[in-house]
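Colleague: I would like to learn how to read the packing of helices and the burial of single residues in a model of this kind. Could we go through it feature by feature?

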Amino acid sequence: MSHSSDDVNLSQLLQGLTEQEAAARQATGLHNTIKLPTSRSYWRIFEENLFTFINAIFFAISLVMFLLGRFGDAILVAIVIFGGVLVNIGQEIWAKRALDRIALLHRPKATVIRDGKEREIEPPLIVLGDVLVARPGDQILVDGEVVGQGHIEVDESLLSGESDLIPKQAGASVYSGSVCVSGTACYVAQKVGTETVAYRLVTGAREFRRILTPLQVETNVVIRVFMLIACFLWILVAISFVSRDFSLNDLVQRAAVIAGLVPAGLLIAITLAYGLGAVRMIGQDVLIQQANAVESLSNVDTLCLDKTGTLTANNITLQEIYPIGILEAALRPLLGDFAANTTIANRTTEAIAHAFPGKIRQPKAEVPFSSTRKWSAISFDDDDRRGIYVLGAPEVLVTSLAPETADYIQTKVKQGLRVLLFAYSPDPTRMLVKTEFPQLPAHLVPLAILCFGDQLRPEAYETLQGFAAVGIEVKIISGDNPETVAALARQAGLREDLKLISGAELAQLNAAQLAQAAQTYTVFGRVSPEQKAMLVRGLRDAGRYVAMIGDGVNDVLSLKQAHLAISMESGSKATRGVADIVLLKDSFGALPRAFLEGQRIRNGIQDVLKLFLVRTFCVTLLIFATAIVTDSFPLQNKQSAIVSLIGVGFPTMCIPVWAKPGLIPRRSMVRSMLHFVVPATLTLTLMSLMVYLFYLVVAVFDLPPVSGIAQVNHNVPRSALVTILIMGELLLIPFLKPPTTAWVGGEPLSGDWRYSIVALLLFGGYLLIVGIPPLRQFFELYSLGRLHYLFIGLIAIEWCFILRAIWRSRFLDRFLGIDLS
């Protein structure tokens, strides 16, 4: 569809560069060479995975071991840590490439005028001196100056932090990173490439609103706690090295084991889960623009959405007109001319134009529609068409209407129709558009009430019912009449007793009252973009986890205030730019699937974290316990590495992939895991300590009478400890995902045998290592003999029964005050 006569005239007035001039400037480097990132760069992926504090520790340990001649230990550290890092980098690059391919289809385009014609080009092809066109929803791509007769209102909040709209006319400067909200104007590119802030085009909004999910926050706390524990133990080892007769080799061995307490693999598992989730969602018509967005959705308890384009399909039709003091035959050409000469067409004027074709004229002035003003106007000064014609919200245009007209309006809004007033002022000079804020003409004469209908999205009812079923409260925030919005909300399946409030009423409230209203009311009508943002912010401040769905440029402010910003694919460029999730094909029905994927990610990461917590706490307690009881260190570096790899490392590579969705308790993640972690940690530590002490005592008794306890051989006790730890950690996997009711205790029945099969295969791998002398020697293990392995296995089975009994009795839960209801 064309953009009306004003656009054509503007294009003719501003011829722009020729293609030859543009090509010449491109060749001389005067182009906008800014790469538009669609995901993290390759360098950033390598940097975030390689250059971490814990990796630096492991690298230093590996280097010292190499200098000491312990090449096997040095290689093992490199394989265990950097091998996992390389796997993670590979997964992230795979996910990045998949996301980049789909995101290329949705990169913003630039509209330029060359040889007097408009054309769309990629932003890097903009050259110095290009004339660009800005329309509502377009992002300003380069720094420049407005030229020609157009005027626009620009949102510069990404640059200044202020949400006020800034009017721009000829001679005014515009800056990349800002957004055109209303009007149409041309601007000439004065700064391109590295001289501008054009990189904000895609990354600015997302960097501005980088929000960690509760899961990420708590996971970071866990990792930092273990980092502190490791630092504390390193200090103790250093003190013991100075005060006692330990070799440098002993020091490095112990430092390596302690470094393994920091769950570096946990970050790998989380990143893998996010990457897999993003790739899965591409097939569900959901584009993930922020790595943690899908998991973030699983935390949402309040969903705010606009009506038009979100709840409805934005297929607006003019259903009925109600003339006021004018014949319908005379009204039709007025409406047709108004729609035909509107510079910036929207769905409403398109519906009017479809119903009533009009004549192209030369308007004297125009005020484009604005969500803040709630009206648009055109002034004609032709012989057969003179005056100002205004279309907008009835309560904004006039203070009162005839009782029968007011009753008509009330009837139609209760039917879910959008009702607008078409009014007239006979003097075409009364409309002031050259001022900063256009003024509504006084003493408007009502001409007609226009009733527009919109179709509910077919999936709207099922989608809203799905969110209600999982406890997500839906709030509808719209610029339409609150009664109209409420009627559509009821049709979409929301409860009948909806509480409504209008923007005018919100404007009378102070900050505290507005925050309370945000929680109390369900439908908010006739609200401005600023009020939308304040409502979302009020919900956040009240402790809600808020997702906002929008499609228009008027939703950008509120999207930036939400924990999770969701945009429709058909939405404005600015809306898609700030969104964490873009619903491709406007697939509102894809949200429940994304919510389930978020649950899957969160559940998978929680399961991974449980295993890491048990393993780390268990080894930490063993270090303290053996130091107190036996004055020894329980494990060597290679032994600790094999326990970590087989017991936790390999299983946690499968758990995020096979995780299933499910309802998540609305409480602290760490608190919800105590039921599983505390009994498993305490009993596994105690059982492992008993096995270690038993074999240590046997080794002491086997010493010659003249030998001292310092000469005891720790190979057998440590090998027994490695065996019981691996058995215990692998037996936790069927407890974590019970395949049958016999394993139910710490977690509900899963029925999935894949986890148990993986645990069995890993135990077979451990027996293979023990049975092959070169591998056994590499990991510094000692072959205990079949009877000893059977003995340790029976102890592990007995531990399973004890642990299951403790879980089922909930003795520790009651002691700790854990509520699992």
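Modeller: Let us start with a helix pair in this predicted model: Leu335, Phe338 and Ala339 in H13 meet Thr349, Ile352 and Ala353 in H14. By class, the residues of this contact between H13 and H14 are five nonpolar, one polar and no charged.

Colleague: How is the geometry of two packed helices described?

Modeller: In general, one gives the angle between the two axes together with the distance between them. Here the axis of helix H13, residues 328-340, comes within 8 Å of the axis of helix H14, residues 347-355, and the two cross at roughly 135°. H13 and H14 are therefore oblique to each other, since angles count as roughly antiparallel over 145 degrees. As for handedness, H13 passes H14 in a left-handed crossing.

Colleague: At what angle do the axes of H25 and H26 cross?

Modeller: The axes of helix H25 (residues 637-649) and helix H26 (residues 651-658) cross at roughly 20° and come within 6 Å, which means that H25 is roughly parallel to H26. On the H25 side the contact is made by Leu645, Ile646, Gly647, Val648 and Gly649, and on the H26 side by Pro651, Thr652 and Met653. The contact of H25 with H26 has five nonpolar residues, three polar ones and no charged ones.

Colleague: Turning to single residues, is Thr522 buried or exposed?

Modeller: The way to read this is to compare the relative accessible area with a cut-off, and buried means under 20%. Thr522 has a relative accessible area of 2%, so Thr522 is buried, although its place is in the loop between helix H20 (511-520) and strand S18 (523-525). Leaving aside neighbours within four places in sequence, Thr522 is in contact with Val474, Lys475, Ile476, Arg495, Leu498 and Lys499.

Colleague: And which helix holds Ala507?

Modeller: Ala507 is found in helix H19, residues 503-507, and Ala507 is exposed, with a relative accessible area of 52%. The C-alpha atoms of Ala507 and Val527 are separated by 9.1 Å, while the two residues are 20 residues apart along the chain.

Colleague: What percentage of the residues in the whole protein chain count as buried?

Modeller: Of the 821 residues of the protein chain, 56% count as buried, and the chain contains 32 helices and 21 strands. Among contacts with a separation of 6 or more, 74% are between residues 24 or more positions apart. The accessible surface of the chain comes to about 34300 Å², with 61% belonging to carbon and sulfur atoms.

Definitions and conventions. Residues are numbered from 1 along each chain as its sequence is written. This is a predicted model: local features need pLDDT of at least 70, side-chain atom pairs count only at pLDDT 80 or more; totals for chains, interfaces and linings use all residues. Side-chain values use heavy atoms; hydrogens and water are left out. Helices (H or I, at least four residues) and strands (E, at least two) are DSSP runs, numbered from the N terminus. Buried means under 20% relative accessible area, exposed over 50%, partly exposed in between (1.4 Å probe, protein chains only). Contact means heavy atoms within 4.5 Å. Accessible areas come from the Shrake-Rupley method with a 1.4 Å probe; for residues, only the protein chains shown count as cover. Axes are lines fitted to C-alpha atoms, for helices over the stretch in contact, and angles run from 0 to 180 degrees between N-to-C directions. Angles under 35 degrees count as roughly parallel, over 145 as roughly antiparallel, 65 to 115 as roughly perpendicular and the rest as oblique. A crossing is left-handed if the near helix is turned anticlockwise from the far one by less than a right angle, and right-handed if clockwise. Ala, Val, Leu, Ile, Met, Phe, Trp, Tyr, Cys and Pro count as nonpolar, Asp, Glu, Lys and Arg as charged, and the others, Gly among them, as polar.
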